[in-house]
Structures are given as C-alpha cells and as structure tokens.
Amino acid sequence: MDVSVWSREEDGPKDEIVGTMLKNAISSMRSGMYEESMTKFNEIIDIGTTDINLLGTIYMYYGRLCRHLKLDAKALEYFEHELNVLKLTFTFSKACDSTRRIVEQAMAMGKFSKAKRCAEDLIDYTSSKLEGESLVKQAHTILASVCLEGYERNLECNPDERKKLLIVCTEQISRIKAANKENPDAESEVEVLMLEAKCFSLDKQLKESQKCYQKCIDLSIKTDQLAKVHRIYYEMAAYADSNHLLFIINHLRSALFYVSKYGKPGEVVKYKLELADKLLIFGHSHEAYLYAMEALESIHKLGLSEKLKDSFLIVSKCLVALGRREQAAYFIILGSVLTIQRNSFNSFYKIIDEVMIAERNDATEGEDVRLKVDASTDPTSPNQFVAKFVVKIEHATSADTWRMVVTDIIEEQKRPVAVEQKENEEPVDFMDLICKMNSRMDDQRTELPASRFLAPRPLSSASKKTNKSHRILPGLRANLAKMQNMKFDTNTVNRLLKRSKKSKSSLHSTSTQGEDTRSDDVTMLSK
C-alpha cells in the first residue's frame with residue numbers, strides 16, 4: 001500500500017481534501033478509535049496527494065497507528081517510507097525523529113542489526129551535508145543508545161561482537177563531548193552524561209557510574225532540566241548493587257517524586273510498581289501494598305492493560321505477606337486468567353501453592369482445606385464470578401491442575417446466565433393485572449378522607465385550557481368568602497343553585513364523599 005504523488009496541476013485541490021481527512025483521522029486515533037482511524041487512512045491512501053511534505057506526515061501517522069494496532073512489521077515499513085521522504089526534502093531535524101522511531105520499533109521487534117544500521121546511516125547522512133552538522137550529535141546519541149540497549153538485552157549473538165558494542169558506545173560518547181566543547185549544549189551534556197553512566201554500569205564500574213549519575217543530576221537541576229531527573233534516579237536504582245536495597249529504595253522514592261511532578265502517568269505507574277516490589281523485599285509489606293494498589297487503580301483509569309499482570313502479581317504477594325489470603329486468592333485468580341497462555345502463569349501458581357500450603361498448616365486434622373475468595377479490596381467493580389469461587393487444596397496440586405481450574409473458570413464465565421423458571425408458573429394475564437390495579441386504586445380512593453377530594457382553585461376565565469377536573473369541580477366553594485360579603489338578588493341565587501345541581505349530578509359517579517360535602521354547602525347558602 002502506497003500513496004502516489006500526482007501532478008499538481010491536475011489534482012491540486014485534492015491536497016486540501018486530504019489535509020482535512022488527515023486531521024479527522026488523527027483526531028480519531030488520539031481518541032482511541034483506532035479501527036475508525038484506519039478506515040480513514042485507507043481512504044486517504046486511495047485518494048493520494050501532490051504534496052511531498054504531506055506525504056511524509058501521512059506515512060508517519062499511519063506508522064504510529066499500525067504500532068497501536070500491534071501491526072509491527074507494517075509500522076516499521078511506513079516509518080522507513082517517512083524517513084525516505086524526509087531525506088528527499090532535506091528535513092534533517094525530522095529525519096532524526098523518524099530515525100529514532102525506526103530504531104525504537106526495530107528494537108521492540110528484536111531487530112538489533114537493522115536498528116544499528118539505521119543509526120549509522122543517519123550519522124553518514126547528517127555528516128555529509130552542511131545543514132545537518134548541527135544534528136550530528138543527535139545521530140551519535142541514537143547510535144550509542146542502540147549499542148547500550150543491544151548489549152544490555154544481549155541482542156548480539158556473537159560474544160566478540162557484543163563486547164565491541166561498549167567500545168562503539170564509548171567512541172560515540174567521545175565524539176559528542178568533542179562537539180559539545182565547540183558548541184556547548186546543556187541538553188546534550190546531560191544526555192551524554194547519562195549514556196556514560198549507563199556504560200560504566202554495564203561494564204560493572206559502579207563507583208564511576210554513581211559519580212557520573214550524580215553529576216548528571218546536579219547539571220539537570222542547575223540547567224532546569226527537571227523532566228530528566230526522574231530518569232536519572234531510576235537508572236541509578238536499576239543499576240545499583242542489589243545488596244544495597246535501602247539505597248535502591250531511596251532512589252526510587254526520589255524518582256517517584258520527580259516523575260509525579262514532571263513525568264507521564266504511565267511512568268508514575270511503572271515507578272510505583274517497582275518501588276512496591278523493592279519495599280516488599282525489604283519487609284515493608286503494607287507500604288508496598290498501598291503503592292501497588294495505587295498503581296492498579298491508575299492502570300484501570302488510564303487503560304494500561306499491559307501493566308495489569310505486574311500489578312496483580314505484586315498485590316498478591318503483598319496480601320500474602322500481610323496474611324490476607326482470601327483477598328490474595330482473588331488477585332491470583334485474576335492474574336492466572338490473564339496469563340493463562342503465557343510463561344508468567346507459573347508465577348501465579350507458585351503464590352497460590354504457597355497460600356494453600358499455609359491454609360493446610362493452619363487447618364485442624366481431618367478438616368477440608370478450602371479458601372473462599374474475597375474481592376473486597378478490588379479498587380474497581382469486582383469480578384462477581386471470581387468472588388464466589390472457593391479454592392480447594394486439590395486445585396493447587398500442580399501447575400497443570402491449576403491451569404485446568406483456571407480454564408474452567410474462563411469457560412464458565414463465557415456461558416450465558418440461565419433464567420430460572422418456577423414450576424407450574426402460569427403466564428401473566430396483563431388485562432387481569434390492569435383490572436386488579438384499577439380496583440385497588442378505587443379501594444384506596446374510598447378509604448382516603450374527604451378532604452383529599454376538595455375542589456381545586458378555579459381557572460381564570462381568560463384561560464382556554466380546560467380539562468375534565470375543571471368541568472367536574474366548578475369552583476363554587478372557592479368563592480364562598482367573596483359571596484358572603486356580597487348582596488344577592490333572587491335571580492343570582494337561583495342561577496347558583498342550578499350550577500350546584502349540575503355539579504352534584506356529575507360527581508355522583510366519581511366520589512360519594514365529595515357529593516355529600518357539596519350538598520351541605522348549597523344548603524347553607526340557601527339558608
């Protein structure tokens with residue numbers, strides 16, 4: 001699938017149409033409506049464009065959309081299309097950003113050699129043009145980052161080539177430092193210090209690494225680059241000696257403080273889970289539980305489903321450490337359902353096995369060992385089916401047995417809920433039901449006091465809106481006060497009596513109590 005560039009003379013107006021369509025597609029993508037956005041992008045591609053800059057933008061957003069939809073190969077392909085367009089237009093700054101997207105996508109797919117080659121090509125491209133000299137440092141930074149990640153993740157199969165990666169990284173750092181001496185750049189200096197510190201960490205030079213990280217923190221604060229401070233603290237904790245647990249926890253707390261102010265919500269969740277894990281190891285179970293639950297609540301609000309597994313695992317461990325096994329079982333089952341087809345399923349089995357062994361040790365001899373699930377700690381709406389489940393000792397016999405139990409839970413949730421029917425239940429006769437309701441209303445009306453049926457205030461003579469109640473209750477009683485102060489002749493009294501007789505006959509079929517009341521009033525008036 002490709003977007004063709006047509007003749008500007010023939011199809012110039014199409015650029016405006018495509019531009020408007022592109023805005024709508026981007027808006028749909030940002031709203032999370034990825035399928036709808038994909039349809040709109042396909043329409044854009046069918047129409048085509050005459051603007052090569054617009055073409056690069058289409059490639060970029062289409063690649064990002066494919067990445068959201070987990071179409072990794074297609075995303076990488078369109079990011080490469082975008083880079084080719086940018087190279088044709090000599091847009092160097094955007095070419096660096098495009099290369100970074102290609103590198104990230106290729107590394108996510110495990111294509112280390114492709115990512116490394118793309119970073120090297122960017123260095124050659126920016127170095128060969130005078131306009132690109134200012135961006136050479138960014139190109140060297142990208143290559144150094146690729147080499148460090150490839151070394152850390154062991155993506156280079158050849159051991160000798162893997163050792164060379166640190167050497168290549170050191171060379172790139174030296175070139176960036178030399179460029180910074182000629183043209184000082186505070187942002188670049190912070191980045192190169194972070195790369196150098198990470199390089200020391202991977203080379204097991206921890207003292208040099210900590211010194212370098214501290215310089216990086218001081219420079220970031222001095223130059224007001226506070227958004228980078230949390231990354232520095234997090235890396236300090238990640239590459240520190242695992243025996244210095246308190247040191248790691250303190251740095252994670254600092255990282256969480258800065259990321260809460262200057263970072264993204266997803267990073268806050270990541271740091272909270274990491275801090276909860278270390279606090280649990282350190283023995284601060286309740287504090288770890290609070291951080292883990294905060295992270296879980298944020299995951300549900302932000303829709304970060306990829307982090308659910310880690311949060312369920314840490315919450316389960318915290319609850320087990322706190323002795324709240326019923327509540328732990330609930331999150332263990334949720335995590336097991338989520339990871340039924342993954343290797344991490346065994347992690348949840350180990351926890352449920354530990355829980356059931358503890359239950360068996362606490363049970364008296366001959367007593368059935370079972371654990372009723374408690375969903376009361378779920379920060380969102382609990383899974384009612386899982387909440388009713390009872391874990392038995394035989395369920396945790398082995399990982400395969402537990403997998404069968406979880407599979408049955410999944411299948412049971414998919415089944416439609418059966419509607420229970422009572423035996424010998426007759427169909428409802430709605431007409432009979434309506435008649436009974438009317439009869440009941442008549443009975444209630446008879447039992448009510450007569451004051452409930454007094455006439456309402458009369459409508460104005462200027463009003464044209466009348467209803468049945470207005471015709472039935474002419475409003476004689478409402479004007480008694482006025483009539484007492486007025487002098488009536490014989491004709492007026494006779495006219496009023498005729499009106500009262502009409503109201504008496506009309507009320508005869510509706511309310512006996514109302515009829516009696518009105519008759520008394522007329523008698524009083526006659527007297």
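This dialogue walks through a predicted model, feature by feature.

Reader: Where do I start with a predicted model? What is the average pLDDT of the protein?

Author: Start with confidence. The average pLDDT is 81, and 76% of the residues score at least 70. Over residues 1-10 the pLDDT is below 50. That stretch still has 30 contacts in the model beyond near neighbours in sequence. Residues 462-474 also stay under 50. For them the model has 14 contacts beyond four places in sequence.

Reader: How should I read predicted coordinates where pLDDT is low?

Author: Not in detail.

Reader: Next, the overall build. How many helices and strands are there?

Author: The protein has 25 helices and 2 strands. It has 527 residues, of which 39% count as buried. Take the contacts with a separation of 6 or more: 59% of them come from residues 24 or more positions apart. The accessible surface is about 31500 Å². Carbon and sulfur atoms hold 50% of that surface.

Reader: Now the interior. Which residues touch the most other members of the largest nonpolar core?

Author: Phe331, Val391 and Trp402 do, in a core of 138 residues. Helix H4, residues 52-68, gives this core its largest share, 9 residues.

Reader: What is Trp402 in contact with, leaving aside neighbours within four places in sequence?

Author: Its contacts are Ile332, Ile333, Ser336, Phe345, Tyr349, Ile352, Val391 and His395. Val391 is another of the residues that touch the most other core members.

Reader: How do I judge a single helix? Take H10.

Author: Check length, then burial, then ends. H10 covers residues 186-202 and has 17 residues. From first C-alpha to last it reaches 25 Å, close to the 24 Å expected at 1.5 Å a residue.

Reader: Why is H10 described as largely enclosed by the rest of the structure?

Author: Because 12 of its 17 residues are buried. Among them are Val190, Val192, Leu193, Met194 and Leu195. Polar and charged residues are listed too, including Ser188, Glu196 and Lys198. The buried residues of H10 pack against helix H8 (136-152), H9, H11 and H12.

Reader: And the ends of H10? Which residue caps the N-terminal end?

Author: Asp185 does. One of its side-chain oxygens lies 3.3 Å from the backbone nitrogen of Glu187. After H10 comes Lys204, with a positive phi near 65°.

Reader: Asp185 sits beside H9 residues as well, I suspect. Which residues does Asn180 contact, apart from its neighbours within four places in sequence?

Author: Lys137, Asp185, Ser188, Glu189 and Val192. Asn180 itself is in helix H9, residues 159-182. The side chains of Asn180 and Ser188 are joined by a polar contact of 3.2 Å. Ser188 is one of the buried residues of H10.

Reader: Is Asn180 buried or exposed?

Author: Buried, because its relative accessible area is 6%, and the cut-off for buried is under 20%.

Reader: Try the same reading on H11 and H5. What do their spans look like?

Author: H11 has 17 residues and reaches 24 Å, close to the expected 24 Å. H5 also has 17 residues; it reaches 25 Å, close to the expected 24 Å.

Reader: What covers the buried residues of H11, and what do those of H5 pack against?

Author: For H11, the cover includes H10, H12 and helix H13 (245-262). Its buried residues include Cys212, Tyr213, Cys216, Ile217 and Leu219. For H5, the partners are H4, helix H6 (92-108) and helix H7 (112-127). Buried residues of H5 include Leu76, Tyr78, Phe79, Leu83 and Leu86.

Reader: Back to phi. What sign does phi have in most residues other than glycine?

Author: Negative. Now the cases that go against that. Lys70 has a phi near 65°. It lies in the loop between H4 and helix H5 (72-88). Phe90, just after H5, takes a positive phi of about 55°. Asp224 follows H11, with phi near 60°.

Reader: Where does Asp224 lie, and are Lys70 and Asp224 buried or exposed?

Author: Asp224 is in the loop between helix H11 (206-222) and helix H12 (229-238). Asp224 is exposed, with a relative accessible area of 59%. Lys70 is exposed as well, at 68%. The cut-off for exposed is over 50%.

Technical notes
Residues numbered from 1 in each chain as written. Predicted model: local features only at pLDDT ≥ 70, side-chain atom pairs only at ≥ 80, totals over all residues. Heavy atoms only, no water. Core = buried A, V, L, I, M, F, W, Y, C linked by side-chain atoms within 4.5 Å. Buried < 20%, exposed > 50% of the residue type's maximum accessible area, 1.4 Å probe, protein only. Helix = DSSP H or I, 4+ residues; strand = E, 2+ residues; numbered from the N terminus. Contact = heavy atoms within 4.5 Å. Polar contact = N/O pair within 3.5 Å; in protein donor to acceptor, adjacent residues only side chain to side chain. pLDDT = per-residue confidence, 0-100. Expected span 1.5 Å × (residues − 1). Areas by Shrake-Rupley, 256 points an atom, 1.4 Å probe, with all protein chains shown as cover.
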